[in-house]
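Please examine the sequence and the fold together before reading on. The explanation below moves from strands to cores and then to a single residue.

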Amino acid sequence: MRTKIIIAFVISLVWASCNDSKKQITEKNNEPTEIVISDISDPKVIKYSDIFDSIKIIKLETTKESLIGRIDKILFYQNMFFILDQVQSKTVLLFNDRGKFIRKIGKNGKGPGEYDEPNDIAVDQLSKRIIIWVRNMKKLLSYDFEGKFLEELKLDFVF
């Protein structure tokens, strides 16, 4: 829920900045665009600068393998973006901090180490793993950051 609020907040900011014809953002050699937030004078609203010191807009590489229908969750860890798409590709995609598509984590299916509809993701920082929760199959799947399947934990309940 918090991620959706932050994404909506960022989209609003970008939309609002596009309406000001005096300000212009230009791209330089596919470098991430950094927007420094300052000069917000209306005290009746929360200042963006109270929450963020800057915003980087990173274009994600678009290939046949990396198409995203809807971003349901984004995690950033060790210069990598893990993106969960529950709708279109029904998978977890990995991008580097420059937006280059690296790989899909796991694969769709109903066999061991596979998922049909991933519902949530988490990064286990201690063991350097990505965990995928599959509600209808009642299991947690663990993969390393190279996309290699590590283990499956079957559950007797749904949370």
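The paragraphs that follow treat the sheet, the nonpolar cores, the paired strands 10 to 12 and Glu114.

This is a predicted model, in which local features need pLDDT of at least 70 and side-chain atom pairs count only at pLDDT 80 or more, while totals for chains, interfaces and linings use all residues. Residues are numbered from 1 along each chain as its sequence is written, and side-chain values use heavy atoms, with hydrogens and water left out.

Strands here are DSSP runs of E with at least two residues, numbered from the N terminus, and two strands pair if DSSP finds at least two bridges between them. Four strands form an open sheet in the order 3-4-5-6, with antiparallel pairing. Strand 3 (73–77) and strand 6 (101–105) stand at the edges, each with a single partner strand, so one side of each lacks a neighbour in the sheet. On average, neighbouring strands of this sheet are turned by 20° against each other, direction ignored; the axes are lines fitted to C-alpha atoms. Within the sheet, strand 4 (residues 80–85) and strand 5 (residues 91–96) run antiparallel and are joined by six bridges. Met80 stands opposite Asn96 of strand 5.

A nonpolar core is a set of buried Ala, Val, Leu, Ile, Met, Phe, Trp, Tyr and Cys residues joined through side-chain atoms within 4.5 Å, where buried means under 20% relative accessible area (1.4 Å probe, protein chains only). The largest such core has 18 residues, of which Phe82, Ile121, Ile130 and Ile132 touch the most other members. Strands 3, 4, 5, 9 (120–124), 10 (129–134) and 11 (139–144) each supply at least two of its residues. A second, separate core of five residues includes Ile83, Leu93, Phe95 and Phe101. In soluble globular proteins, nonpolar side chains tend to be buried together.

Strand 11 is largely enclosed by the rest of the structure, because five of its six residues are buried. Strand 11 pairs antiparallel with strand 10 over six bridges, and Leu141 is the bridge partner of Ile132. Strand 11 also pairs antiparallel with strand 12 (residues 149–154), over five bridges; there Leu141 stands opposite Glu152. Each of the two hairpins has four residues between its strands. Lys138 takes a positive phi near 50° in the hairpin of strands 10 and 11, and Gly147 one near 90° in that of strands 11 and 12.

Glu114 lies in strand 8 (residues 114–115) and counts as buried because its relative accessibility is 17%. Leaving out residues up to four places away in sequence, Glu114 touches Leu141 and Tyr143, among others; contact means heavy atoms within 4.5 Å.

Key: Buried < 20%, exposed > 50% of the residue type's maximum accessible area, 1.4 Å probe, protein only. Axes fitted to C-alpha atoms, helices over the stretch in contact; angles between N-to-C directions.
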